[in-house]
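Here's a quick briefing for anyone meeting this structure for the first time. Have a look at the model below, then read on.

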Amino acid sequence: MILLDEQIAGFRKKLQKKLDPGRYEHSLSVSFTCMALAMNYGYDMKKAEIAGILHDCAKHFTDEELILKCRKKGISLSQEEIEAPAVIHAKYGAWLAEHKYGIQDPEILSAIACHTTGKAGMGTLDKILYIADYIEPRRDRAPDLPRIRKLAFQDLDQTMYEILKGTLDYLSGKGANIDLTTLNAYQFFEKIREENGSDKSNISETESDKQNVPEVARESRKAEAETKENLFLDTPDDKQPAADSLENKQHHRPVASKPRRSRKWRLQRK
């Protein structure tokens, strides 16, 4: 019988008391997915598991509490983040991971801090956590998810590009504000894709996949998003589009128009 690492067992025990059941189960699922990706790419599995289990450690605070706590701790927030506070838990979560959970590893702290927005120059663990938060088994709302899950175990950079592009296409179609950090992340991975001179978006895609899953770049995705009137919610599925009838939480931000407070979306995966 393989025993659970004592440190990680301690993290689980603390988080189970603080997070609601759905969020806690999501955190476990993300941690397992992080480990699977880490095995696949030869990365440290324990570090990946810790990043996954702690990535939402600040999710039990309200938006207002997160803003106040960040200000109190000297954590800088942009006006965009204040207007779309659903992303702030990543920054404060990194602070909690360091100061309350004793995490000193800069790669783990970085991954937690950018798991909602991404960033240019992401490291391996940054990408693993960002992608794991998007594809973990309990997710079911994102378009093209079966193909993205396959791609995640074949090319991290291409997967980042496709997730970011799909999110930006969705937000642009909505006329929503786009977070500058996320836009920079997309441009970073777009450049990598161009430099590699290859497109692996269809890698290992079966004929059935092609018939049932639209291409990420197709304009039809925008039409589909508009038809379904999906929003990104701040729930265990906050990275996935969800019905307008659900409670909205903003995750990303618009370029031209400011979204109504009742329609918050999020570009990031929580």
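Thr159 has its place in helix H10, which covers residues 156–174. The model is a predicted one, and in it Thr159 has a relative accessible area of 0%, so it counts as buried. Leaving aside residues up to four places away in sequence, Thr159 touches Ile131, Ile148, Leu151 and Ala152.

**Tyr41 and what surrounds it**

- Tyr41 is part of helix H2, which takes in residues 21–41.
- Is Tyr41 buried, exposed or partly exposed? Its relative accessibility is 28%, so Tyr41 goes down as partly exposed; the buried class stops short of 20% and the exposed class begins over 50%.
- Not counting residues up to four places away in sequence, Tyr41 touches Leu151, Ala152, Phe153, Gln154, Asp155 and Leu156. Leu151 and Ala152 also turn up on the list of residues that Thr159 touches.
- Along the sequence, Tyr41 and Ile128 are 87 residues apart, yet in space their C-alpha atoms are 9.4 Å apart.

**Helix H7 and its cover**

- Helix H7 spans residues 106–113, and its buried residues are Ile108, Leu109, Ser110, Ala111 and Ile112.
- What covers those buried residues? Helix H3 (45–54), helix H6 (88–99) and helix H8 (124–135) are included in the cover.
- The N-terminal end of H7 has a cap, Asp105: one of its side-chain oxygens lies 2.8 Å from the backbone nitrogen of Glu107.

**How H7 meets H8**

- Two packed helices are described by the angle between their axes and the distance between the axes.
- For H7 and H8, the axes come within 8 Å and cross at roughly 40°. That angle makes H7 oblique to H8, because roughly parallel would call for an angle under 35 degrees.
- The H7 and H8 crossing is right-handed.
- On the H7 side, the residues that meet H8 are Glu107, Ile108, Ser110, Ala111 and Ile112, while H8 brings Leu125, Asp126 and Leu129. Sorted by type, the residues of this contact come out as five nonpolar, one polar and two charged.
- Glu107 therefore turns up twice around H7: its backbone nitrogen is the partner of the Asp105 cap, and Glu107 is also among the residues meeting H8.

**How H1 meets H3**

- Helix H1 (residues 6–18) packs with H3 at an angle of about 5°, and their axes are 10 Å apart. The two helices are therefore roughly parallel to each other.
- From H1, the contact draws on Gln7, Ile8, Phe11, Arg12 and Leu15; from H3, on Lys46, Glu49, Ile50, Ile53 and Leu54. Those residues divide into six nonpolar, one polar and three charged.
- H3 has a further part to its story, since H3 is included in what covers the buried residues of H7.

**A residue to look up in a loop**

- Asp144 sits in the loop between H8 and helix H9 (145–152).
- Where does its phi angle fall? Phi of Asp144 is near 65°, a positive value in a residue other than glycine.
- With a relative accessibility of 6%, Asp144 counts as buried.

**The protein as a whole**

- The secondary structure adds up to 13 helices and two strands.
- Of the 270 residues in the protein, 53% are buried.
- Take the contacts between residues at least 6 apart in sequence: 65% of them join residues at least 24 apart.

Terms used
Residues are numbered from 1 along each chain as its sequence is written. This is a predicted model: local features need pLDDT of at least 70, side-chain atom pairs count only at pLDDT 80 or more; totals for chains, interfaces and linings use all residues. Side-chain values use heavy atoms; hydrogens and water are left out. Buried means under 20% relative accessible area, exposed over 50%, partly exposed in between (1.4 Å probe, protein chains only). Helices (H or I, at least four residues) and strands (E, at least two) are DSSP runs, numbered from the N terminus. Contact means heavy atoms within 4.5 Å. A polar contact is a pair of N or O atoms within 3.5 Å; within protein, one must be able to donate a hydrogen and the other to accept it, and residues adjacent in sequence count only if both atoms are side-chain atoms. Axes are lines fitted to C-alpha atoms, for helices over the stretch in contact, and angles run from 0 to 180 degrees between N-to-C directions. Angles under 35 degrees count as roughly parallel, over 145 as roughly antiparallel, 65 to 115 as roughly perpendicular and the rest as oblique. A crossing is left-handed if the near helix is turned anticlockwise from the far one by less than a right angle, and right-handed if clockwise. Ala, Val, Leu, Ile, Met, Phe, Trp, Tyr, Cys and Pro count as nonpolar, Asp, Glu, Lys and Arg as charged, and the others, Gly among them, as polar.
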